[in-house]
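Trainee: Before we look at anything in detail, could you show me how to read contacts, sheets, cores and helix faces from a set of atoms?

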Amino acid sequence: MGEKLMVTGAAGKLGRSVVKHLLDEFGVAPSSLVAGTREPSKLADLAARGVEVKAVDFSKPETLVPAFTGIDRLLIVSTDAIGNRLAGHKAAVAAAKDAGVKGIVYTSAPNPHGANHPLFFAGEHAGTETAIFDSGLPYRILRNHWYHENLFMSLPAILKQGTWYTSETPGTRVTRVAHEDCARAAAAALTLAWSDDKAIYDITSDEALTTEEVASLASRILGKPIDVVRLSPDSLASGMKAAGVPDFVIQLTLSMDATNSAGLLSGTSKAVEELTGRKPRTLASFFEDNKVALTA
């Protein structure tokens, strides 16, 4: 391809997976790839393979133009500083333009635009997308839906107690997607031929399931019955607080339930298959492959 690619957040789970796919599946030469991270020491293994590792810290905007100079295509992986990342993201976009980057790929969230959005951090993604739009650079925005892997945080406890408490509206359908499908889609978006792309992809699986359907699937595969109990947001928050759940997790759970109920993750997409040539992983496959971890 002859272009220089950079992945930011390359020491994080998603960024590292993207780099792995670029090298091992998409045939990108190590000399054509730059891995950006706040902690270069964590990427010694990539440096040993010939990948250039650069210090990239969005909280230090003065360092970003030098870091991005010479890069043709830049993948901006949204940082983990939820609630405090918009300024850094905008600085990265501005630096990309000033450094002469030819195109941006960005990992966003489902349907993030709109006033009074139920997802409390949606504005950070909407603001980043707007900065990319306004930059005039070609872009591919990947709106990743909830990961299958998010269920590692809640499903083991649900299986033990046999009850799934949710504040979602009855009948709510939600599309999820495997983390590796998101990583592979990002690698594809960074490498597939493009010129003046201005594309937005909803990164989802082929399934839109209710909580009852997910619970039934989990019960069948994991061998433990689950009853779904719907509560008001206030009742769910009170119960979680009484159980010692951290405030941030309570806020996140209620926010995601409200986002689901608003129908913002109800649509499926063929984007994963279009980008990667592979069908996305099913939730049943995720449960089958993670029986031990989910039922420990």
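Mentor: Let us begin with the term itself: contact means heavy atoms within 4.5 Å. Please keep in mind throughout that this is a predicted model.

Trainee: Leaving aside its neighbours within four places in sequence, which residues is Thr-128 in contact with?

Mentor: Once those sequence neighbours are set aside, Thr-128 is in contact with Leu-86, His-89 and Tyr-106. The residue belongs to helix H5, which spans residues 122–135, and the contact to His-89 includes a polar one, since the two side chains make a polar contact at 3.0 Å.

Trainee: Is Thr-128 buried or exposed?

Mentor: Buried means under 20% relative accessible area, and Thr-128 counts as buried because its relative accessibility is 0%.

Trainee: How should I read the sheet, and in which order do its strands run?

Mentor: The general idea is to follow the pairing from one strand to the next, and here an open sheet of 7 strands has the order E3-E2-E1-E4-E5-E6-E10, with parallel pairing. Strand E3 (52–55) and strand E10 (198–203) are the edge strands, each pairing on one side only. On average, and with direction ignored, neighbouring strands of this sheet are turned by 15° against each other. As one example of pairing, strand E1 (residues 5–7) and strand E2 (residues 33–37) are joined in the parallel sense over 3 bridges, and Val-7 stands opposite Ala-35 in E2. Helix H5 packs on this sheet, touching strand E5 (103–108), strand E6 (139–144) and E10, and its direction makes about 170° with that of E5.

Trainee: How many residues does the largest nonpolar core have?

Mentor: A core is read as a set of buried nonpolar residues joined through side-chain atoms, and the largest one has 34 residues, with Val-7, Val-18 and Leu-22 among those that have the most contacts inside it. Its largest share, 8 residues, comes from helix H7. Leaving aside its neighbours within four places in sequence, Val-18 is in contact with Val-7, Leu-75, Ala-183, Ala-186 and Ala-187. Apart from this core lies another, of 24 residues, including Met-6 and Phe-58.

Trainee: Finally, which residues of helix H9 are buried?

Mentor: In H9 (residues 233–242), the buried residues are Leu-236, Ala-237 and Met-240. They cover an arc of only 100° around the axis, which puts them on the same side of H9, whereas Asp-234 and Ala-242, on the other side, are exposed. The buried residues pack against strand E8 (163–166) and helix H10 (247–261).

Note on methods: Residues numbered from 1 in each chain as written. Predicted model: local features only at pLDDT ≥ 70, side-chain atom pairs only at ≥ 80, totals over all residues. Heavy atoms only, no water. Buried < 20%, exposed > 50% of the residue type's maximum accessible area, 1.4 Å probe, protein only. Helix = DSSP H or I, 4+ residues; strand = E, 2+ residues; numbered from the N terminus. Arc of directions from axis to C-beta. Polar contact = N/O pair within 3.5 Å; in protein donor to acceptor, adjacent residues only side chain to side chain. Pairing = 2+ DSSP bridges. Axes fitted to C-alpha atoms, helices over the stretch in contact; angles between N-to-C directions. Core = buried A, V, L, I, M, F, W, Y, C linked by side-chain atoms within 4.5 Å.
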